[in-house]
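Got your viewer ready? Here is a short tour, stop by stop, with something to select at each one.

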Amino acid sequence: MQGAVFDLDGVITDTARYHFAAWCQLAKEKLGLDLPAKFEIELKGVSRIDSLKKILEYGNMLDKYSDEQIQDLAAEKNGYYLKAIEDLSEKDILPGIPELIDQLKEHNVKMSLASASKNAPAILKKLGLFDAFDAIADPSKVEHGKPAPDIFLAGAAAVDLKPSECVGVEDAVAGVQAIKDAGMTAVAVGDAAELGKADTVVPTTADFSYDLFEKTFEKAHK
Ligand code: BG6
Ligand code: MG
């Protein structure tokens, strides 16, 4: 393993729940919709606009909104989200992540970020982790969002590695699909029943380690 390509929300910090809470607020206040809790899994890893389109489709109202209205609603959701993460700081880094970063550095493993979030650089700064990463792939520069592999391919390329030399790290079904379709080894955190396409699934980020990543990589390349 020469590289580790990370998702952000739900992997490095627990912002996944704030994304969903912001969508629920937007759906209720602006669309008159109650989103079922199980919708959270479907939206994880999915870009801002694609998430909104999924919600409008769920409410059978996709054709009622113009592109401009869709942009406005997405901006509104981002406002709720930014308010919720206003006070995000180092204490919001998920357990095991600082240790994992140290171990990867010790073993000269390059690290890049492959988040769908346009807020990713600002969030890494709030967490004090901006300088820990060798590169951040820009989601606005890739053609297709997760579950397409584009952002993970960009994450590997950003540190001059082939996807086959990297492990991808995710908490989302769409993200694991993206990693596998990029030709990378996948380590996932969360529910094994949902994330079964990954090469390894662990229940929490505290289970992450260089050894776990390396063993998963070796096994996938046997
Ligand atoms: C992903 C989240 O990391 O980023 C999604 O899992 C979110 O929930 C997506 O929609 C886009 O984020 P942003 O910050 O650009 O709205
Ligand atoms: Mg995620």
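Start by colouring the two domains: their centres, taken over C-alpha atoms, are 24 Å apart. Keep in mind as you look around that this is a predicted model. To set the colours, select 3-14 together with 89-220 for domain 1, and 16-84 for domain 2, following the domain assignment of the protein chain.

**Stop one: where the domains meet**

Now look at the border between the two colours. How many residues of each domain are in contact with the other? On the domain 1 side there are 13, and on the domain 2 side there are 12. Between them, the domains bury about 1100 Å², with 48% of that area on carbon and sulfur atoms. Next, select D9, D14 and N119: this trio supplies 40% of the area that domain 1 buries against domain 2, more than any other three residues.

**Stop two: across the border**

Keep D14 selected and add R17. Their side chains meet in a salt bridge, with 2.8 Å from N to O. The count of salt bridges between domain 1 and domain 2 is 1. If you're hunting for polar contacts as well, the two domains have 4 residue pairs of that kind, both partners being at pLDDT 80 or more. Try colouring by class, too: the side of domain 1 that touches domain 2 has 6 charged, 5 nonpolar and 2 polar residues.

**Stop three: the ligand**

Now centre the view on ligand 1 and show what is around it. Which of the 15 residues around ligand 1 come nearest? They are D9, V46, R48, S117 and N119. You have met D9 and N119 already, in the trio from the domain border.

Zoom in on a few atoms here. At V46, show the backbone: one of its N or O atoms lies 2.7 Å from an oxygen atom of the ligand. For S117, turn on the side chain instead, where an N or O atom is 2.6 Å from a ligand oxygen. Then go to K118, which is back to backbone: an N or O atom there lies 2.7 Å from an oxygen atom of ligand 1.

To finish, switch on a surface. On its own, ligand 1 has 390 Å² of accessible area, and the protein covers 97% of it.

Definitions and conventions
Residues are numbered from 1 along each chain as its sequence is written. Chains are lettered from A and ligands numbered from 1 in the order in which they are written. This is a predicted model: local features need pLDDT of at least 70, side-chain atom pairs count only at pLDDT 80 or more; totals for chains, interfaces and linings use all residues. Side-chain values use heavy atoms; hydrogens and water are left out. Domain bounds come from an automatic or database domain assignment. Contact means heavy atoms within 4.5 Å. Buried area is the accessible area (1.4 Å probe) that two parts lose on being put together, summed over both. A salt bridge is a side-chain nitrogen of Lys or Arg within 4 Å of a carboxyl oxygen of Asp or Glu. A polar contact is a pair of N or O atoms within 3.5 Å; within protein, one must be able to donate a hydrogen and the other to accept it, and residues adjacent in sequence count only if both atoms are side-chain atoms. Ala, Val, Leu, Ile, Met, Phe, Trp, Tyr, Cys and Pro count as nonpolar, Asp, Glu, Lys and Arg as charged, and the others, Gly among them, as polar. A residue is near a molecule or strand if one of its heavy atoms lies within 4 Å of it. Accessible areas come from the Shrake-Rupley method with a 1.4 Å probe; for residues, only the protein chains shown count as cover.
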